[in-house]
Amino acid sequence: MDQAKADIAGVQVQVGYARIVSPINGIVTAKQTDVGAMATPGAPLLTIEDDANYRLEAAVEESQTRNIRQNTPARVTIDAIGGEEMTGKVVEIVPAADPGSRSYTVKIQLPPRLGVRTGMFGKARFAHGQRRVLLIPRAALVAHGQLTGVYAVDSAGIARLRLVTLGARDGDRLEILSGLNEGDRIVADGKALPREGSKVE
């Protein structure tokens with residue numbers, strides 16, 4: 001009876017070797033073996049991608065690295081998943097530069113996001129300082145031929161077209177370089193206004 005129990009225990013150990021458990025949850029991206037093949041120590045069976053911890057590796061010019069520190073935020077866009085901007089965090093700056101391009105690799109931890117996969121191309125932007133700008137919603141912009149403007153609302157509540165000069169784009173907002181002043185009231189959705197001179201409430 002003792003021998004039979006020992007045999008059962010030995011078989012259970014052997015069965016345990018046939019069950020392989022991944023230490024992480026993720027996606028199988030490559031299979032290095034086939035069903036029925038003998039596993040050998042040190043030989044990989046599967047490649048599993050941790051889909052909750054992606055990083056973007058950005059090549060940053062040598063002259064720009066002085067403004068980047070570990071744990072600082074970075075704004076990342078990946079065109080393959082829609083180009084919507086997300087905020088990542090710098091987790092590592094590789095101390096050795098590429099001798100050909102004189103650039104450093106900066107690794108940015110991305111927030112969990114559906115659709116991200118290894119090998120996708122992305123862009124990162126780092127803050128180099130702060131400046132005060134005037135921003136308007138992109139929907140407020142109206143086009144008249146080659147000119148662009150917004151409907152500004154005067155003290156009588158009448159919407160008047162005012163030509164503006166645009167600067168940088170920040171998501172769904174546009175920077176105004178000239179044509180508006182801080183505190184001016186505008187129509188947030190320019191296409192919703194039937195015509196210039198309309199009364200706005």
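This report covers the nonpolar cores, one buried serine, the salt bridges and two backbone angles of a predicted model.

**Nonpolar cores**

The largest nonpolar core has 16 residues. Those that touch the most other members are Val-76, Ile-78, Val-106, Ile-108, Leu-110 and Phe-126. At least two residues of this core come from each of strand 3 (55–61), strand 4 (73–77), strand 5 (86–93) and strand 6 (103–109). Of the strands, strand 3 gives the most, with three residues.

Phe-126 shows how such a residue is surrounded. Apart from neighbours within four places in sequence, Phe-126 is in contact with Val-60, Ile-68, Ala-74, Val-90, Val-106 and Ile-108. Two of these partners, Val-106 and Ile-108, are themselves named among the core members that touch the most others.

A second core, separate from the one above, is made of eight residues. Val-150, Val-164, Leu-174 and Leu-180 are among them.

**Ser-198**

Ser-198 is found in the segment that follows strand 14 (185–186). Its relative accessibility is 10%, so Ser-198 counts as buried, the limit for that class being under 20%. When residues up to four places away in sequence are set aside, Ser-198 touches Gly-157, Ile-158, Ala-159 and Leu-193.

**Salt bridges**

Side chains of opposite charge can pair when their charged atoms come close. The whole structure holds eight salt bridges. Three of them are listed here.

| Pair | N to O distance | Relative accessibility |
|---|---|---|
| Arg-102 and Glu-62 | 3.1 Å | Arg-102 41%, Glu-62 38% |
| Glu-85 and Arg-125 | 2.5 Å | Glu-85 29%, Arg-125 42% |
| Arg-131 and Glu-175 | 3.0 Å | Arg-131 61%, Glu-175 7% |

In the salt bridge between Arg-102 and Glu-62, Arg-102 sits in the loop between strand 5 and strand 6 and Glu-62 in the loop between strand 3 and strand 4, so the pair ties together parts 40 residues apart in sequence. Arg-102 is partly exposed, and Glu-62 is partly exposed as well.

The closest N and O atoms of Glu-85 and Arg-125 are 2.5 Å apart. This pair links distant parts of the chain, with Glu-85 in the loop between strand 4 and strand 5 and Arg-125 in strand 7 (residues 123–126), 40 residues apart. Glu-85 is partly exposed, as is Arg-125.

The third pair joins the side chains of Arg-131 and Glu-175. Arg-131 belongs to the loop between strand 7 and strand 8 (134–137), while Glu-175 is in strand 13 (residues 173–178), so this salt bridge ties together parts that are 44 residues apart in sequence. Arg-131 is exposed, whereas Glu-175 is buried.

Some salt bridges share partners: Arg-75, Glu-85 and Arg-125 are joined in this way into one network.

**Positive phi angles**

Two residues other than glycine are described here for their positive phi. Asn-71 has a phi near 75°. Asn-71 lies in the loop between strand 3 and strand 4 and, at 51% relative accessibility, counts as exposed because that class begins over 50%.

Arg-102 has a positive phi of about 55° although it is not a glycine. Arg-102 is placed in the loop between strand 5 and strand 6, and its relative accessible area of 41% makes it partly exposed. Arg-102 therefore combines a positive phi with a salt bridge to Glu-62 that ties together parts 40 residues apart in sequence.

How values were computed. Residues numbered from 1 in each chain as written. Predicted model: local features only at pLDDT ≥ 70, side-chain atom pairs only at ≥ 80, totals over all residues. Heavy atoms only, no water. Core = buried A, V, L, I, M, F, W, Y, C linked by side-chain atoms within 4.5 Å. Buried < 20%, exposed > 50% of the residue type's maximum accessible area, 1.4 Å probe, protein only. Helix = DSSP H or I, 4+ residues; strand = E, 2+ residues; numbered from the N terminus. Contact = heavy atoms within 4.5 Å. Salt bridge = Lys/Arg side-chain N within 4 Å of Asp/Glu carboxyl O.
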